[in-house]
Structures are given as C-alpha cells and as structure tokens.
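Please take me on a tour of this structure in my viewer, telling me what to select at each stop and what I will find there.

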Amino acid sequence: MTDRLRVGVLVSGRGSNLRALLAAADGAAYQVVRVLSNVAGAPALELAAAAGVPTAVIPHRDYARRADFEDALSAELRAAHVQLVVLAGFMRVLTPHFVGAWRDRIVNIHPSLLPAFPGLDAQAQALAAGVRVAGCTAHLVDEGTDTGPILAQAAVPVRWDDTAEALSARILVEEHRLLPRVVNALALGTLRVEGRRVMGDL
Ligand code: GRF
C-alpha cells in the first residue's frame, strides 16, 4: 500500500496506546511516521524507536510561549508530512493556535464516556460519581477540554469493589481496541464528520 494515511503521535509517558497503534498498523490504511514527546525519557519513545519510527523530544519548558512550543510540534509534524495527529497520553493542553492549524485532524483518546468526566483523573471521577458503566471515547480535538466531536466509544462495567486502578485497566483494554480502529476508519474514509455528528461505521 503506497498511500497510507501518515499519522504523527504525541505522547508524554507510558505509550500503551501508541503500542496498540503500532501493533495494528501492519496491513492497515495508516502508518505511524513520527512520534513526538514533550517529556525526555518517556517510555513511549522506546516503543517507537523499537518499531523503527523516528522520534523527537520537544520539551515544553524550553519555550517561553505556548504558541512557540506548538509551532515546534507543528514543524516536526509537517516535516514528516503528517496528515493526522493522534494524542496518546499527551499531557499538555493544546491551545487554539495548534487546534486551528490542525483543524479536524487531531484525534484524542480519553478514558471516560464523554461528555461525562472530561479532564484529568476521569476514571476516579467516574467512580466518585457512582456510575455503573464507564468506558473510553475517541474524539476529534477542538478548543475545549475533551469537548470535540465524538468518533467512537466503548463501554465497560463498573464493579462494586472497583478501584481507580482496576477500572483504569479495564478501560485501557478497550482504548487499545478502539483507537487503532478509529484511526484506520479515518484513513479509509469510512467515518465522516458533519458538525458534531459522525456518520459511517468503524
Ligand atoms: C490513557 O488512559 C488515555 O486514555 C489518556 O492517557 C492515558 C495514556 O496511556 N489520554 P498510555 O500512555 O497510552 O499508556
């Protein structure tokens, strides 16, 4: 396949979603062409290197202005001819400056059934709220925090004796299934975004 969608992945840490994307890329309609981290030594960088994907570290602290940090990200992504940006555990909020530059071309995976529990510690938020069903959401990134159009979701049960760790692990299994399928569907063009509604199928 010659014209697979060129995906750039932004990470900050462990990289288990990156691993899932890399594992599913063989024979898929997308390829991961660049992995960028704002954190030096992030385990995700080793995963990328082991898969032969070029990486770069762009420490946000090196930049006085957020826009300059984001321009540095964009420059790396453009140099790699990236067509779709995936946030996989990227722990910096992206401002409208970056979102506008990559409008409708940024996907995030979030560990809750949005619009419930946006932001940090979504799994603990779900437990504290007492919901009986939790899950994860793949969505396009807009200017808000976890507010962009929902591409796909997967649900898991919440158990009576759950801890945030146990619930997170159950959700993570679904994240690893969902994210590669969504990226592949976007690459194939089988998911279409019309306003806040997403048409088509995974
Ligand atoms: C995942 O729970 C994801 O939903 C959230 O950050 C975590 C990243 O984990 N956005 P990993 O680095 O992909 O293992």
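Begin by selecting the ligand in this predicted model, and then add the residues around the ligand, which are Arg14, Gly15, Ser16, Asn17, Gly89, Ile109, His110, Pro111 and Glu175. If you colour this shell by class, you will find 2 nonpolar, 5 polar and 2 charged residues in it.

Next, keep the ligand on screen and go through three of its neighbours one at a time. Select Gly15, where a polar backbone atom is 2.8 Å from an oxygen atom of the ligand. Move on to Ser16, and look this time at the side chain, because a polar contact is a pair of N or O atoms within 3.5 Å and a polar side-chain atom of Ser16 lies 2.5 Å from an oxygen atom of the ligand. Then select Ile109, where the atom to look for is again in the backbone: an N or O atom there lies 2.9 Å from a nitrogen atom of the ligand. Now show the surface of the ligand, which exposes 370 Å² when taken alone, and of which the protein buries 86%.

To see which parts of the fold supply this shell, switch to a cartoon view and select helix 1 (16-24) and strand 5 (106-110), the elements that give two or more residues to the shell around the ligand.

The next stop is the space itself. The ligand takes up the largest pocket, and the volume of that pocket is about 1,000 Å³. The largest pocket is lined by 41 residues, and to find its centre you can select Gly89, Phe90, Met91, Ile109 and Pro111, which are the closest to it. With the cartoon still on, add helix 5 (122-129) and helix 6 (164-188) to your selection, since these two, together with helix 1 and strand 5, are the elements that give two or more residues to the lining of the largest pocket. Which element gives the largest share of that lining? Helix 6 does, with 6 residues. Coloured by class, the lining of the largest pocket shows 18 nonpolar, 15 polar and 8 charged residues.

For the last stop, hide the ligand and select Arg66, Phe69, Glu70, Arg92 and Val93, the residues that line the largest cavity. The count of cavities of 30 Å³ or more comes to 1, and the largest cavity has a volume of about 30 Å³. Its lining, coloured by class, has 2 nonpolar, no polar and 3 charged residues.

Technical notes: Residues are numbered from 1 along each chain as its sequence is written. This is a predicted model: local features need pLDDT of at least 70, side-chain atom pairs count only at pLDDT 80 or more; totals for chains, interfaces and linings use all residues. Side-chain values use heavy atoms; hydrogens and water are left out. A residue is near a molecule or strand if one of its heavy atoms lies within 4 Å of it. A polar contact is a pair of N or O atoms within 3.5 Å; within protein, one must be able to donate a hydrogen and the other to accept it, and residues adjacent in sequence count only if both atoms are side-chain atoms. Accessible areas come from the Shrake-Rupley method with a 1.4 Å probe; for residues, only the protein chains shown count as cover. On a 1 Å grid over the protein atoms alone, a cavity is a set of points where a 1.4 Å probe fits but cannot get out, and a pocket is an open set with protein on both sides within 12 Å along at least five of seven lines; lining residues have an atom within 4 Å of a point. A molecule sits in a cavity or pocket if more than half of its atoms lie within 2 Å of its grid points. Helices (H or I, at least four residues) and strands (E, at least two) are DSSP runs, numbered from the N terminus. Ala, Val, Leu, Ile, Met, Phe, Trp, Tyr, Cys and Pro count as nonpolar, Asp, Glu, Lys and Arg as charged, and the others, Gly among them, as polar. Grid points are joined across faces, edges and corners, and a volume is the space filled by probe spheres set on the points.
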